[in-house]
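Here are my notes on the model you sent over, point by point. Have the structure open while you read.

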Amino acid sequence: MAKSKLVRIKKDVPETWEHALQWFLNWKQAQSTSKRTLNDYRYHISLFYQRFPDTYLSDKLMPAVLEHAKQVMKPAKYNLRLVYLRAFFS
């Protein structure tokens, strides 16, 4: 039986959320995302990290997202926030 090889893929992870956001926005721009949508991504993701600055690459991320989503707002705004954050985190 042939031995299977373990292949390790090195993932480049940005050091800060600002770098991650810039990479994400460049990727979305390459997909022909509109300027308005790019600005909305920048706004909502920056707002999240202004409120929870120590959550990037930590175990505190999920509780912070839940706390961010708990705020009182209209359903449309709630859904937009979650859509933008979900796209960035995936």
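What pattern does the protein chain follow when read along the sequence?

1. Overall fold. The pattern is α-α-α-α, with four helices and zero strands in the protein chain. Keep in mind that this is a predicted model. The helices in the order you'll meet them are α1 (17-30), α2 (35-51) and α3 (61-69), and then α4 (75-89).

2. Burial and surface. The protein chain has 90 residues, and 30% of them are buried. Its accessible surface comes to about 7300 Å², and carbon and sulfur atoms hold 56% of that area. As for contacts, take the pairs at least 6 apart in sequence: 50% of these join residues at least 24 apart.

3. The core. In general, nonpolar side chains of soluble globular proteins tend to be buried together. Here the largest nonpolar core has 17 residues, and the members touching the most others are L21, F24, I45, F48, Y49 and F88. Every one of α1, α2, α3 and α4 puts at least two residues into this core.

4. L21 close up. If you want one residue to click on in the core, try L21, which is among the members with the most core neighbours. Setting aside residues up to four places away in sequence, L21 touches Y41, R42, I45, S46 and F88. Two of the residues on that contact list, I45 and F88, also appear with L21 among the core members that touch the most others.

5. H44: buried or exposed? This histidine sits in helix α2 and counts as buried, because its relative accessibility is 9%, under the 20% cut-off. Beyond residues up to four places away in sequence, H44 touches R81, Y84 and L85.

6. V83, across from H44. V83 is in helix α4, and its C-alpha atom is 9.9 Å from that of H44, though the two are 39 residues apart along the chain. V83 counts as partly exposed because its relative accessibility is 43%, which falls between the 20% and 50% limits.

7. The largest pocket. Its volume is about 360 Å³. There are 14 lining residues, and A20, F24, F88, F89 and S90 are the closest to the pocket centre. α1 and α4 are the elements that give two or more residues to the lining, with α1 providing the largest share, four residues. What is the lining made of by class? You get 13 nonpolar residues, one polar and no charged ones. Note that F24 and F88 turn up here by the pocket centre as well as among the core members touching the most others.

8. Two loop residues worth a look at the backbone. S32, in the loop between α1 and α2, has phi near 65°, a positive value in a residue other than glycine. S32 counts as exposed because its relative accessibility is 66%, over the 50% limit. L57, in the loop between α2 and α3, also has a positive phi, near 55°, and is again not a glycine.

9. More on L57. Why does this leucine count as exposed? Because its relative accessibility is 61%, and exposed means over 50%. Apart from neighbours within four places in sequence, L57 is in contact with V13 and P14. The C-alpha atoms of L57 and T16 are 8.7 Å from each other, with the two residues 41 apart along the chain.

Conventions
Residues numbered from 1 in each chain as written. Predicted model: local features only at pLDDT ≥ 70, side-chain atom pairs only at ≥ 80, totals over all residues. Heavy atoms only, no water. Buried < 20%, exposed > 50% of the residue type's maximum accessible area, 1.4 Å probe, protein only. Contact = heavy atoms within 4.5 Å. Areas by Shrake-Rupley, 256 points an atom, 1.4 Å probe, with all protein chains shown as cover. Core = buried A, V, L, I, M, F, W, Y, C linked by side-chain atoms within 4.5 Å. 1 Å grid on protein atoms, 1.4 Å probe; cavity = no way out; pocket = protein on both sides within 12 Å on 5 of 7 lines; lining within 4 Å. Points joined across faces, edges and corners; volume = space filled by probe spheres on them. Nonpolar A, V, L, I, M, F, W, Y, C, P; charged D, E, K, R; others polar.
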